[in-house]
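Me: I should like to go through the ligand sites and voids of this structure, and to see how each label is justified. Please set every value against its criterion.

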Amino acid sequence: MKKPQELSFDQAAVFQISHAQRTGLELIWDRLEAQEPQCGFGTLGLCCRHCVMGPCRIDPLGDGPKKGVCGATADTLVARHLCRMIAAGAAAHSDHGRRPAILLKEVALGENSAYTIKDEEKLRAVAARLGISPEGEVSQVALAVAEVALSDFGKQDTRPLRFLEAYAPKKRLEHWQKLEEKLLAQTGALFGVLPRSIDREVVDIMHRTTMGMDHDPASLLLQGVRCALSDGWGGSLIATEIQDILFGTPYPRKVRANLGVLKEEAVNIVVHGHEPVLSEMIVQVAQEEELVKMAREMGAEGINVVGLCCTGNEILLRQGVPVAGNELHSELVLTTGLCEAMVVDVQCIYPALPRLAQCFHTKFISTSDQAKFPGAVHIQFFEEKAAEVARAIVRLAVENFKNRDPQKVHYPRIAEEALVGFSVEALLKALGGSVKPLVDAIAQGVIKGVAGIVGCNNPKVRQDYFLVSLCRELLKRDILVVGTGCWAIAAAKAGLMKPEAAAEAGPGVKRLCETLGIPPALHMGSCVDCSRMLVLLGAVADHLSCDISDLPVAGSAPEWTTEKAVSIGTYFVASGVPVHLWPAPPVLGSPAVTKLLTQELDSLLGGFFFVEEEPAKAARKMEEVILARRKKLGLG
Ligand code: BF8
Ligand code: SF4
């Protein structure tokens with residue numbers, strides 16, 4: 001058994017893992033160990049189960065088969081599998097985005113009175129951007145915006161998504177158009193890059209990757225690019241924009257992060273998953289007098305709602321709700337014995353959680369028809385009865401307070417402060433209304449550039465070590481860091497989101513942060529909010545009349561886990577941003593696909609992937625990319 005310090009870089013996690021090891025609670029690291037050694041074919045991407053002539057696997061080095069039963073090669077298998085990962089990731093983000101889009105339509109039509117439009121200014125700004133008249137009745141504008149969003153999901157013509165056309169910077173849009181024309185002229189074959197509709201690109205991949213369809217790795221990967229773009233500039237962007245309209249655009253606020261946000265005296269409700277539609281409502285009803293009174297009658301001080309992962313990020317940014325942790329904290333939070341309920345919606349919810357909850361008094365409550373868990377209490381969420389459902393959930397948690405066993409309570413009193421909520425709107429406000437001060441700071445060499453760090457925790461990587469160390473390394477090199485998802489929570493827990501953390505950065509970042517009153521690591525939101533980074537990149541590119549691929553920027557997903565992260569990485573690369581990954585994706589079984597991803601995509605799209613195992617080395621490579629782009633821009 002590995003030592004807790006080897007498993008996590010986070011002191012609260014180390015404390016809690018030690019406790020679990022002492023008391024014999026099974027955690028994710030134990031299950032990883034039980035899986036080892038993991039399958040070499042799978043790791044290299046060399047297996048296929050797309051039809052029942054298989055399963056097939058390809059032996060890259062030995063004297064085993066070099067083709068599947070149908071004749072598919074290693075290149076096909078690897079490209080097909082990566083493509084399906086992108087489709088799954090894009091589907092998850094986009095299906096999430098569909099929900100607020102439908103909700104906005106219902107609110108506009110008066111069919112749902114549980115929700116309202118909180119940010120009218122944003123609504124009108126989004127409308128204007130989409131070419132819809134921003135004037136007039138709120139409900140009319142909202143309906144028009146919702147209709148455009150919904151049509152982007154399901155339209156059948158071949159025009160690019162309207163959200164993409166409205167938000168992507170001019171030069172990038174031209175680049176994609178020209179690339180399609182160039183490939184047609186060069187090869188006589190059609191290669192689509194611009195997404196036609198969000199649902200269609202996922203369906204296209206599922207079709208294309210069945211037995212006997214597309215076997216050309218480049219063709220497969222370009223469809224992967226198209227699907228990923230339908231996520232970044234489509235489904236995820238729609239999720240972000242409409243959630244801002246419905247729940248409010250984030251602005252800077254102080255919050256607390258880590259397991260120490262749990263309160264021994266209060267009823268603790270942990271909300272975990274991704275969508276703010278339910279969690280917003282839980283936060284709201286948990287403040288209702290009747291429920292608070294009920295909690296007091298049970299002997300608790302009150303009701304303490306805390307977040308986990310991306311649903312945590314959503315309410316952290318908009319409501320200032322404290323966040324208990326990122327992905328690898330999801331089991332640890334249960335082991336504190338302090339959770340009356342863990343309420344989940346969709347995505348990144350380990351099926352191990354309900355079993356672990358049963359070792360305590362914790363009620364594990366699932367709410368989505370799309371995410372059910374054996375061993376859970378299921379309370380179905382209906383949007384039109386949102387407040388009632390949320391009240392039933394909170395009531396169940398409050399009633400459960402009496403079942404808490406003080407003998408089983410064990411938690412670290414560790415939490416950090418963080419200044420979060422840097423939406424593009426908030427950043428522009430901090431910059432005085434335009435991106436110019438940021439552009440000037442880059443042009444004058446005050447900072448070298450900007451890096452985006454995204455993504456998950458992965459038990460194969462010491463928790464938060466890469467996320468935090470990479471951030472520190474970049475800051476030292478005078479590269480400002482922005483990001484989302486589980487990185488953002490890691491950075492908050494590590495204290496990097498306090499304005500004082502600028503002291504750790506190089507002199508340029510420090511100066512910029514002090515001038516603007518911002519921390520050196522900026523929390524831009526949940527994983528669908530990676531779209532905020534695209535919008536920011538677009539604003540800077542348009543301001544300079546250049547392409548994103550000219551800007552001194554780089555990205556990284558240093559502890560990535562999910563298929564969603566593959567989609568995110570791909571849409572950044574396809575938008576002109578080089579992206580670092582660790583662990584390596586399952587593509588190394590095909591040298592041809594590996595070369596496409598790490599080299600050839602650069603000439604097609606102005607972005608590429610690279611893999612690096614060490615934070616300092618990854619930072620150095622990101623700095624190199626940034627410096628090379630500065631040089632090209634004549635910035636020295
Ligand atoms: O969507 S960073 S582990 S919680 S996938 Fe999941 Fe990864 Fe966390 Fe947010 Ni994003
Ligand atoms: Fe094997 Fe080809 Fe079927 Fe895949 S599609 S399982 S490689 S026969």
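The exchange below takes up the two ligand shells, the cavities and the largest pocket of this predicted model.

Me: What makes His 274 a polar contact of ligand 1?
Reply: The criterion is a pair of N or O atoms within 3.5 Å. A polar side-chain atom of His 274 lies 2.6 Å from an oxygen atom of ligand 1, so the pair meets the cut-off of 3.5 Å.

Me: How do you know that Lys 564 qualifies as well?
Reply: An N or O atom in the side chain of Lys 564 is 3.3 Å from an oxygen atom of ligand 1. That value is also within 3.5 Å, and the pair is therefore a polar contact.

Me: Which residues count as near ligand 1?
Reply: A residue counts if one of its heavy atoms lies within 4 Å of the ligand. The shell consists of His 274, Cys 309, Cys 310, Glu 327, Cys 348, Gly 455, Cys 456, Cys 486, Cys 527, Thr 562 and Lys 564. By class, six of these residues are nonpolar, three polar and two charged.

Me: Why is Gly 455 of that shell counted as polar, and Cys 309 as nonpolar?
Reply: The classification places Gly among the polar residues and Cys among the nonpolar ones, so Gly 455 and Cys 309 are assigned accordingly.

Me: Which domains supply the shell around ligand 1?
Reply: Domain 3 (259-408) and domain 4 (423-632) each supply at least three residues. The lining of the largest cavity likewise takes at least three residues from each of these two domains.

Me: What makes the space of ligand 1 a cavity, and what is known of its lining?
Reply: The space taken by ligand 1 is the largest cavity. The term applies because a 1.4 Å probe fits there but cannot get out. Its volume is about 120 Å³, and 14 residues line it, with Cys 348, Cys 456, Cys 527, Thr 562 and Lys 564 nearest its centre. Helix H14 (309-319) and helix H24 (563-574) are the elements that give two or more residues to this lining; the largest share, three residues, comes from H24. The lining divides into eight nonpolar, four polar and two charged residues.

Me: Where does ligand 2 lie with respect to the domains, and how do you know?
Reply: Ligand 2 lies between domain 1 (4-57) and domain 2 (74-247), because both give residues to its shell. That shell includes Cys 48, His 50, Cys 51, Cys 56, Cys 70, Arg 80 and Met 211, and has eight nonpolar, three polar and one charged residues.

Me: Which cavity does ligand 2 take?
Reply: Ligand 2 takes the second largest cavity, which holds about 90 Å³ of space. Of its 13 lining residues, Cys 48, Cys 51, Cys 56, Cys 70 and Arg 80 are the closest to the centre. Domain 1 (4-57) and domain 2 (74-247) both contribute to the lining, so this cavity too lies between them.

Me: Why is the void of about 790 Å³ called a pocket?
Reply: A pocket is an open set of points with protein on both sides within 12 Å along at least five of seven lines, and the void of about 790 Å³ is therefore called one. Its lining has 27 residues, and those nearest the centre are Gln 38, Asn 458, Lys 460, Thr 561 and Pro 583. Helix H3 (28-35), helix H4 (40-44) and helix H5 (74-108) each give two or more residues, and H4 gives the largest share, three residues.

Technical notes. Residues are numbered from 1 along each chain as its sequence is written. Chains are lettered from A and ligands numbered from 1 in the order in which they are written. This is a predicted model: local features need pLDDT of at least 70, side-chain atom pairs count only at pLDDT 80 or more; totals for chains, interfaces and linings use all residues. Side-chain values use heavy atoms; hydrogens and water are left out. A polar contact is a pair of N or O atoms within 3.5 Å; within protein, one must be able to donate a hydrogen and the other to accept it, and residues adjacent in sequence count only if both atoms are side-chain atoms. On a 1 Å grid over the protein atoms alone, a cavity is a set of points where a 1.4 Å probe fits but cannot get out, and a pocket is an open set with protein on both sides within 12 Å along at least five of seven lines; lining residues have an atom within 4 Å of a point. A molecule sits in a cavity or pocket if more than half of its atoms lie within 2 Å of its grid points. Domain bounds come from an automatic or database domain assignment. Grid points are joined across faces, edges and corners, and a volume is the space filled by probe spheres set on the points. Helices (H or I, at least four residues) and strands (E, at least two) are DSSP runs, numbered from the N terminus.
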